[in-house]
Structure formats: C-alpha cells, structure tokens
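Student: Got a minute to look at a structure with me? I have a few quick questions.
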Amino acid sequence: MKILIIANRLPVKIEREEDSFVVKRSEGGLATGLGSLETDAEMHWVGWPGIHVDDENEKQEITEKLNELNYHPVFLSDEQIENYYEGYSNSTIWPLCHYFFSFIQYKAEYWETYRQVNALFCEKALPFIEDDDIIWVQDYQLMLLPKKIREKKPKVNIGYFHHIPFPSYELFRVLPEREEVLEGLLGADLIGFHTHDYMRHFISAIYRVLGLNCNLDEISLKDRIVHVDAFPMGINYEQYHQAPSLPDVRKISERLIGELGNQTIILSVDRLDYSKGILHRLNGFANFLEHHPEYHKKVSLAMIVVPSRDAVDRYADLKIQIDQSIGKINGIYSTLGWTPVYYFYQSFPFNELVALYDIADIAMVTPLRDGMNLVAKEYLASKREKPGVLILSEMAGAAIELTDAIVINPNDTQEIEAAILQALTMSKKEQRVRLNNMQKRIS
Ligand code: GDG
C-alpha cells in the first residue's frame with residue numbers, strides 16, 4: 001500500500017540555473033501542511049513542477065531528478081497554464097469560493113482546458129496506482145479527478161481535500177458547470193473540508209444540484225457511499241515551536257532586534273491575493289496612525305507579500321494598489337529614523353520567517369475569506385518566552401479554533417484600528433493566558 005498525493009503543484013519547484021535544473025521547496029499552505037504529514041507508508045506525489053519546458057530531453061532530465069524523491073511531474077503547456085490554472089482555477093473557481101462574485105470570469109476555453117488537464121493528471125497518475133493504494137487528491141484545481149480515477153480504478157481508495165472555502169449554495173449555483181464539478185468530486189470515498197460550514201454548504205449543493213440526500217455525513221450513491229467530513233488542517237506544531245531556539249534562527253532574531261531597537265512590530269504575511277484583505281489591513285493601520293500620533297515612531301508594520309499568480313490581471317492590479325497604499329502611508333508618516341511600513345514583496349527562507357514570528361509583538365491575519373490560514377497557527381506555535389497577540393479575521397477558517405485571538409470583521413477598518421490599540425495595550429499576563437489556550441489547541 002502506498003499513498004499517492006495528487007496536487008496541482010508538487011511540494012517542490014524546478015528552477016533553471018545556468019544550464020541545469022535545481023529543485024527548490026514551494027511556498028503555500030498546501031505544501032506546508034502536507035509536507036508535515038508523518039506516515040510509514042511509501043508516499044508519492046503527482047503534480048506540476050512549476051516550470052515550462054518543451055524540450056523532451058529536458059523533460060526527461062527533470063523527471064529523473066524528481067523521481068528520486070518519489071515525485072512525478074505533469075508537464076503543462078503555456079496555454080494549459082493560462083486556461084486551466086490562471087483561468088478556470090484562479091479566475092473562476094477561486095473568486096467563486098471566496099465570495100468575490102463580480103470577479104468570476106466565465107470562458108468556454110477555461111472550462112474546456114480544465115477538463116482536459118484533469119484528464120491529463122489522471123492519465124499521468126494511473127501507471128502508479130495499484131488497487132490497495134490510497135489516492136489523495138488535493139484542492140479545487142482537480143475537482144474532476146476523483147471521478148476520472150474511479151472510472152479506471154473502481155476499487156481504489158480515493159480522498160479529496162478542499163483547501164479553500166466551499167461557498168453557500170446561493171453562490172455556488174451560479175457556476176455553469178456546477179453539476180459536472182460535483183459529480184467529479186463524488187468519485188471520492190471521502191471528501192474533506194476545513195470547517196463544518198464548508199461541509200454544510202457542500203451537502204446543500206449536492207442536494208439542490210444533484211437531488212442527492214445526505215444522511216448525516218454520508219451520501220448514498222447507487223453502488224457506494226461517499227463520506228463528507230470536516231478536518232481543520234493543522235501545522236507541524238513542534239517544528240514551529242522549537243525553531244526559534246535553533247542557533248541559526250536565534251542569530252537572525254538577535255540581528256533583527258538590534259536593527260529594530262525597541263519598536264513594536266506588527267507582522268503580516270500573505271501570498272499576494274485579494275482574498276487576504278491586504279488593502280483593508282493597510283487602511284486600518286493608516287487610520288490607526290492618523291488617530292494615534294502617540295504611537296508614531298514606536299510601532300511599525302512589517303508586511304510580507306509573497307509573489308503569487310501575478311500573471312492574472314486581478315493580482316497584478318492588486319500589487320499596484322498595495323504599492324500605492326504603502327507609498328502613501330510611508331510618504332505621510334515616515335521620519336528619518338522611522339518607517340511605518342516595512343514592505344517585502346518576496347518570499348523568505350523558513351529560518352527568517354520564524355525569526356520574524358518570534359520577534360513580532362502582534363500578528364495581523366485579516367483575510368476577507370480564507371479556507372483556514374496557517375500563518376495564524378504558525379505565529380502562535382513559534383511563540384516561546386515572548387508572548388504575542390493575534391488579530392484574526394472571523395472570515396478565516398482558523399477563527400473557529402482560535403477564539404482567544406482578537407477576532408475582527410476584516411471589512412470594518414475601524415474595528416481593525418481598535419484591535420491594534422487593544423493589542424498594543426494588552427497586559428503581558430492576558431497575552432500569556434490567551435496564547436497558552438491557543439497553543440494548547442493547535443499543538
Ligand atoms: C491555502 C488556503 C489554507 C508564506 N510566506 C512565506 C512562507 N509562507 C507559507 C506560510 C504558510 C503558507 O505559506 C501559507 O498558508 P496559508 O494557509 O496562510 O495560505 P494559502 O497559501 O492561501 O493556502 C488556506 C491552506 O491552503 C491549507 O489548506 O489554510 O486557507 O488559501 O505555511 O508559512 N513560507 C516561507 N517564506 C515565506 O515568505 N518559507
């Protein structure tokens with residue numbers, strides 16, 4: 001028996017360096033979460049290696065490199081990336097599942113290519129599948145895959161996990177391909193979501209679109225039963241909890257503290273995405289600076305935005321708006337010795353990221369919608385001697401578990417402003433109590 005994870009992306013990406021290829025870790029919640037999975041079973045991955053190559057020899061070279069790690073690449077053409085990944089996945093399904101109704105784009109070629117690429121993943125995975133294997137399909141890019149695998153391998157165990165929210169039926173129903181998408185998912189034996197709400201929405205869509213009843217958490221089909229359940233995704237707690245005491249991380253933390261002096265640091269870490277509420281957060285911080293001059297030169301926001309999907313117009317536009325908003329805040333408030341917003345449009349190595357978690361007094365995680373949000377959990381797990389405060393959006397799946405955070409509505413910039421003040425004035429004792437409760441929960 002082996003476990004075969006099939007995801008849009010492999011947990012590593014291939015990059016061209018001079019005349020060879022190098023393997024690097026990919027960022028993102030899916031890679032982090034599944035990378036921490038501990039199992040004795042042999043584990044394989046099937047997914048896109050994050051690079052476009054046409055040359056068959058180069059494909060062969062990459063395949064051999066990845067096969068050593070039990071990774072099996074699915075190569076996609078530029079056109080497939082454009083229509084399946086940037087198109088149907090990220091311009092149709094992503095805005096739909098994150099309640100950005102007016103951002104949804106419907107194009108026949110998006111859907112056609114999505115079907116074609118799901119079939120391609122099936123074709124590439126089949127040679128590795130044996131009847132007693134566990135196949136674990138990941139996320140919204142591959143919703144048709146469970147059914148496709150089931151048709152070829154009726155006996156195999158198939159799980160599907162949806163990493164993003166599943167929207168209410170009233171929104172889901174707008175999708176022209178709603179029936180085929182749901183039927184695709186029902187090819188799985190077990191369908192998992194982060195929260196009971198997403199699960200409930202899915203069950204209601206199954207009933208309204210396909211007319212199928214769900215008995216508690218079971219959907220009875222003609223020949224088999226599909227289970228649906230909520231599995232709030234966690235992190236490798238010990239890895240994050242121990243990391244700040246590693247000598248290499250300590251060195252970075254000490255350097256940062258030396259550079260920042262006794263400024264209070266509010267940390268924000270997201271992929272570039274309109275669902276993450278980055279502009280609202282900046283507005284909340286700008287309001288805070290406007291109304292609380294007593295905190296000038298004392299508090300800075302360290303904002304990390306990890307480049308993502310910038311080939312999609314919406315993302316490119318968002319990047320411009322973020323640049324402008326930060327430019328405006330720094331333009332108004334900066335002094336020679338104080339920068340209100342430290343802005344990084346780049347991804348950091350793990351050690352630097354946990355050093356930032358370690359030294360940050362406050363983390364602001366305020367997505368407009370988020371399936372779970374692992375950054376919130378990582379920040380809490382990394383806290384040791386020095387406590388910290390988490391400001392968390394009620395629209396993140398994580399808010400269901402992390403009730404000791406300062407929970408806010410991310411659309412309300414006044415509430416964000418008030419939360420910053422509450423966090424800044426919270427006693428260390430209260431910070432410790434809240435942190436302990438949440439650490440207990442996530443560990
Ligand atoms: C999707 C769903 C759901 C970020 N910046 C750096 C870096 N990261 C890592 C974080 C974290 C991951 O990326 C981000 O995970 P999130 O969960 O916050 O968000 P998404 O990428 O949108 O993930 C989300 C998740 O899937 C899992 O199901 O929680 O709701 O949208 O692990 O640490 N890692 C490094 N440098 C960075 O600069 N090394």
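Student: How far apart are the mean positions of the positive and negative charges of the protein chain?
Tutor: They are 4 Å apart. That covers 46 positive and 64 negative charges. Keep in mind that this is a predicted model.

Student: OK, cysteines. How many disulfides does the structure hold?
Tutor: Zero.

Student: Why is C214 not bonded to C97?
Tutor: The two sulfurs are 18 Å apart, which is too far for a bond. A disulfide needs the pair within 2.5 Å. C97 has no nearer cysteine sulfur than that of C214.

Student: And C97, buried or exposed?
Tutor: Buried, because its relative accessible area is 3%, and the cut-off for buried is under 20%.

Student: What about C214?
Tutor: C214 is partly exposed, with a relative accessible area of 22%.

Student: Switching to the whole chain. What radius of gyration does it have?
Tutor: 22 Å. A compact globule of 443 residues would come out near 22 Å, so the chain agrees with that. The C-alpha trace spans about 65 × 55 × 40 Å along its principal axes.

Student: How many helices and strands?
Tutor: The protein chain has 16 helices and 17 strands.

Student: What share of the contacts joins residues at least 24 apart?
Tutor: 76%, counting contacts between residues at least 6 apart in sequence.

Student: Last one, the surface. What area does the chain expose?
Tutor: About 19,500 Å², with 48% of it from carbon and sulfur atoms. As for the residues, 55% of the 443 count as buried.

Definitions and conventions: Residues numbered from 1 in each chain as written. Predicted model: local features only at pLDDT ≥ 70, side-chain atom pairs only at ≥ 80, totals over all residues. Heavy atoms only, no water. Helix = DSSP H or I, 4+ residues; strand = E, 2+ residues; numbered from the N terminus. Rg over C-alpha atoms; globule rule 2.2 N^0.38 Å. Buried < 20%, exposed > 50% of the residue type's maximum accessible area, 1.4 Å probe, protein only. Contact = heavy atoms within 4.5 Å. Areas by Shrake-Rupley, 256 points an atom, 1.4 Å probe, with all protein chains shown as cover. Lys, Arg positive; Asp, Glu negative; His and termini not counted. Charge placed at Lys NZ, Arg CZ, Asp CG, Glu CD.
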